[in-house]
Amino acid sequence: MSSIVQNNAAEPLLAGTEANGEGNPNSTGYGSIDERPRFTRNKLFIVGCILMTELCERLTYYSVIANLILFCTSTLDISSTGAARISLIFSGSVFIVPIFGGYLADAFVGKFNIILGCGLIYVIGLVLLPASAVDYKNNWFGLHNKISTETRRGLFLSSLVLIAIGTGGIKANVGPFGAQQVESLGPKAVQSFFNWFYWFINVGAIIAYSGVAAVQQDVGFDVGFLIPLISMIIALVIFVLNKSKYISSPIKGSVLKDTIGVCCATRCKGFDHAREDEGGPYSNEMVNGVIAVLRILPVFLLIIVYWAIYSQMGTTLFLQGERMDLKVGSGNVPVAVLNIFDTIIIIILIPIMESLVYPFLTRINRSPSHLQRMGIGMIFAAMAMFVAGILEIYRKKDISIIGQKLAGNTFNASSISVFAQVPQFTLIGASEVFTSISGLEFAYSQAPMFMQGVCMGLFLATSGIGNYVAELILVIVVAVTGSQPPDSWFPDEINDGKTEYLFFLLGILMFINLVIFAIVAYFYKYRNRDNYEISVTA
């Protein structure tokens, strides 16, 4: 089936993005189709299996990272700074692996096989995870069994490697694979699938950050890490349930491989040397597509600092939250529960912006461009860091809760409620609505359709690199200010250091990046996509 629709670059192409930075590139990317898709009961069951697979996988992933820092410091005896580095490197790798996962699926084995294979690797990693947390001596295997902290660390780090491979391979393929199942029903069906895909992602995140994180913090990591293992096993069972009924596209080779080939074929003498009519091995369409993607790269490079700011939710802001008053009623809330406010503001803002604000601004001829929206998001991200810095100053003035216990760790904490962090999490969530979503919209509107998969891979890579940049910033800060209080900006015990300066530094870096971004945006010439036809072929 082939459907030709109009696509205007000024119109929103996306309906949403996940709180860790994952996008929804197909939500409105096919244009406006009036006919509602007619889903048969069999088709609904197939799609439902894929959506439940994604929910369970996202619940698994967020359950792993929700209290990762707390587990490192409480069970593995790793310093706070070391735990933050592990978290950043792991999170960064999760967004780099999809490039290879997408390539292997497209060029060699297909999406179903990659999802299943990576899922099995995922499960192996999830078996090692609770193995690193179990109290072998007292609770599980008798009085004479005990493993050293070094062995636990080895099991834990090995599990993270396998989990990164597993979740990264699934991330690259499960969304497109689900869309393949409904393409024959038309563009509106694909849009509907991705809207629900996004919704299921956030349900998984909310369950992980509220329920599973509470079990890990209050009951124990041995039990808390069994939940994501069970969840991932359920995901795989659900996924293979309909193996014989799935629609799989034939393996046609990888656009990423051809993109690299075009760049190599230029021999540093210009892209004309790669064209068939100039004696090169590639068509004009392929070469022009590569050029279009390369024009987007400067914008992508300037999103990296934004993702470095975004990554603070799971690292420095988590460390700050550990040292605030967690009591609600007679118990403690999970520190990780603050991530829910990032998700909530996204769910609230997206329909408001897409249904009310953007249409209104379009009617009065004041519709912001994709790059302008991205700049607005960067302002919100910088504000979040300044708010965090101000909160840190006031937090340290009132360290009155002595001996707050979390998963076996003891912290001296401020009497200020952890919910005082809500504004900074909300600002980061708002920034995601503008920078992350608009970044994907920009990439998709400025590249030919056959290159959009490459753009998705590159966009996910910027998030991964952003985590690595955040780690580099921490290394430089510790090298310059030292690791010992009171002068260190990021000591192992942030109560005794000057972490507010780190937050202010991150905010300043974001503003400097914004200035450079504004210059690039000013000189960027949009590719004319008016009346640009997109063929959706099933």
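**A guided tour, starting at helix H10**

Begin by selecting Lys257 and Cys264, which are exposed on one side of helix H10, the other side from its buried residues. The model on the screen is a predicted one. Next, select H10 as a whole, residues 255-265. Which of its residues are buried? They are Thr259, Gly261, Val262 and Ala265. Turn the view until you look down the axis of H10: the buried residues fall within an arc of 160 degrees, so they line one face of the helix. Then move just past H10 to Arg267, whose phi is positive, near 55 degrees.

**The whole chain**

Now zoom out and display the entire chain. The chain contains 18 helices and six strands. It has 538 residues, of which 55% count as buried. Consider next the contacts between residues at least 6 apart in sequence: 80% of these join residues at least 24 apart.

**Helices H1 and H4**

Select helix H1, residues 41-66, together with helix H4, residues 111-131. The two helices pack at an angle of about 35 degrees, and their axes lie 12 Å apart. The crossing of H1 past H4 is left-handed. To view the contact itself, show the side chains of Glu57, Thr60, Tyr61 and Val64 in H1, and those of Tyr122, Leu126 and Leu129 in H4. What kinds of residue make up this contact? Five are nonpolar, one is polar and one is charged.

**A salt bridge beginning at Glu57**

Keep Glu57 selected, since this residue of H1 takes part in the contact with H4, and add Arg58. These two residues form a salt bridge, with their closest N and O atoms 2.7 Å apart. Are the two partners buried or exposed? Arg58 has a relative accessible area of 0% and is buried. Glu57 is also buried, with a value of 2%; the cut-off for buried is under 20%.

**A salt bridge within helix H15**

Proceed to helix H15, residues 370-396, and select Glu392 and Arg395. Their side chains meet in a salt bridge, at 2.9 Å from N to O. The two residues are three apart in the helix, which separates them by about one helical turn. In general, an α-helix has 3.6 residues a turn, so residues three or four places apart point the same way. Glu392 counts as buried at 0% relative accessibility, and Arg395 is buried with a relative accessible area of 0%.

**A salt bridge in a loop**

Select next the loop between helix H17 (452-481) and helix H18 (499-523), and pick out Asp487 and Lys498. These residues form a salt bridge whose closest N and O atoms are 3.7 Å apart. Both lie in this loop, so the pair ties together parts that are 11 residues apart in sequence. How accessible is each partner? Asp487 counts as partly exposed, at 48% relative accessibility. Lys498 counts as partly exposed as well, at 27%.

**A network to finish**

Finally, select Glu322, Arg323 and Glu493. These residues are linked in a network of salt bridges. How many salt bridges are there in total? The count comes to eight, and the pair Glu57 and Arg58 is one of them.

Technical notes
Residues are numbered from 1 along each chain as its sequence is written. This is a predicted model: local features need pLDDT of at least 70, side-chain atom pairs count only at pLDDT 80 or more; totals for chains, interfaces and linings use all residues. Side-chain values use heavy atoms; hydrogens and water are left out. Axes are lines fitted to C-alpha atoms, for helices over the stretch in contact, and angles run from 0 to 180 degrees between N-to-C directions. Helices (H or I, at least four residues) and strands (E, at least two) are DSSP runs, numbered from the N terminus. A crossing is left-handed if the near helix is turned anticlockwise from the far one by less than a right angle, and right-handed if clockwise. Contact means heavy atoms within 4.5 Å. Ala, Val, Leu, Ile, Met, Phe, Trp, Tyr, Cys and Pro count as nonpolar, Asp, Glu, Lys and Arg as charged, and the others, Gly among them, as polar. A salt bridge is a side-chain nitrogen of Lys or Arg within 4 Å of a carboxyl oxygen of Asp or Glu. Buried means under 20% relative accessible area, exposed over 50%, partly exposed in between (1.4 Å probe, protein chains only). The arc is that of the directions from the helix axis to the C-beta atoms.
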